[in-house]
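Student: I would like to go through the reasoning behind some structural labels. Could we start with helix packing?

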Amino acid sequence: MEWRLRRAGPGDAPALSLVAAATFLETFAGTIAGPDMVYHCTTNSSPAKFDHWIADDACVVTLAEHPDGAAPVGYTLLVPPDLPVETDEHDIELRRIYALSLTRGSGLGHRLMARALDDARALGRRRMLLGVLGINENARAFYEREGFTLAGTRQFRVGDTVYDDVVYARRL
């Protein structure tokens, strides 16, 4: 399948918010409590949040769409780093990379990552950082296959619960 990837623009925030909530639910149902998930998604993946990121020149939001009908199926979000590791102006954080489970095994995850790496280089960045739930073995294996190595740890709050994350880095 040939997924469509494009830079998000004005008007894309509702689609991004929808796919963000759906992918978060798919990924963490059974790991994160339902009320915490709802709070997290309505607070951190609202259309207003995505409008802010889309309008910010320091951020890049990419939307993946299904080739038949352009339904949102995944996305990435690059932002200035906010992680507990030493950073400089040449770093960027891959804050989010998600795709719906219907895309698994299709290569979309790799295409989203390749696009994020290209976008980071185009911004003049030399290193990409990301945080991931420490017990999320599938995601960690994906990042390691994509060339990321362990760079630190952090604690990350979702609703009322604090989780242990790992921080990965990759030179560009």
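Tutor: This is a predicted model. Helix α1 (residues 13–28) packs against helix α3 (residues 47–55) at an angle of about 120 degrees, and their axes are 8 Å apart.

Student: Why is α1 called oblique to α3?

Tutor: Roughly perpendicular covers 65 to 115 degrees, and roughly antiparallel starts over 145. The angle of about 120 degrees falls in neither range, so α1 counts as oblique to α3. Their crossing is right-handed.

Student: Which residues make the contact between α1 and α3?

Tutor: From α1 they are A13, P14, L16, S17 and A20, and from α3 they are P47, F50, D51 and I54.

Student: How do you know that C41 and C59 form no disulfide?

Tutor: A disulfide needs two cysteine sulfur atoms within 2.5 Å. The closest cysteine sulfur to that of C41 is in C59, 19 Å away, so the pair is too far apart for a bond. A search of the whole structure gives 0 disulfides.

Student: What makes C41 and C59 buried?

Tutor: Buried means under 20% relative accessible area. C41 has 11%, so C41 is buried. C59 has 4%, so C59 is buried as well.

Student: Which residues touch the most other members of the largest nonpolar core?

Tutor: They are M113, M128 and Y143, in a core of 48 residues. Leaving out residues up to four places away in sequence, M128 touches residues including L78, I92, M113, F148 and Y168. A second, separate core has 5 residues, among them L83, V85, L129 and V167.

Terms used: Residues numbered from 1 in each chain as written. Predicted model: local features only at pLDDT ≥ 70, side-chain atom pairs only at ≥ 80, totals over all residues. Heavy atoms only, no water. Core = buried A, V, L, I, M, F, W, Y, C linked by side-chain atoms within 4.5 Å. Buried < 20%, exposed > 50% of the residue type's maximum accessible area, 1.4 Å probe, protein only. Contact = heavy atoms within 4.5 Å. Axes fitted to C-alpha atoms, helices over the stretch in contact; angles between N-to-C directions. Helix = DSSP H or I, 4+ residues; strand = E, 2+ residues; numbered from the N terminus. Parallel < 35°, antiparallel > 145°, perpendicular 65-115°, else oblique. Left-handed = near helix turned anticlockwise from the far one by under 90°.
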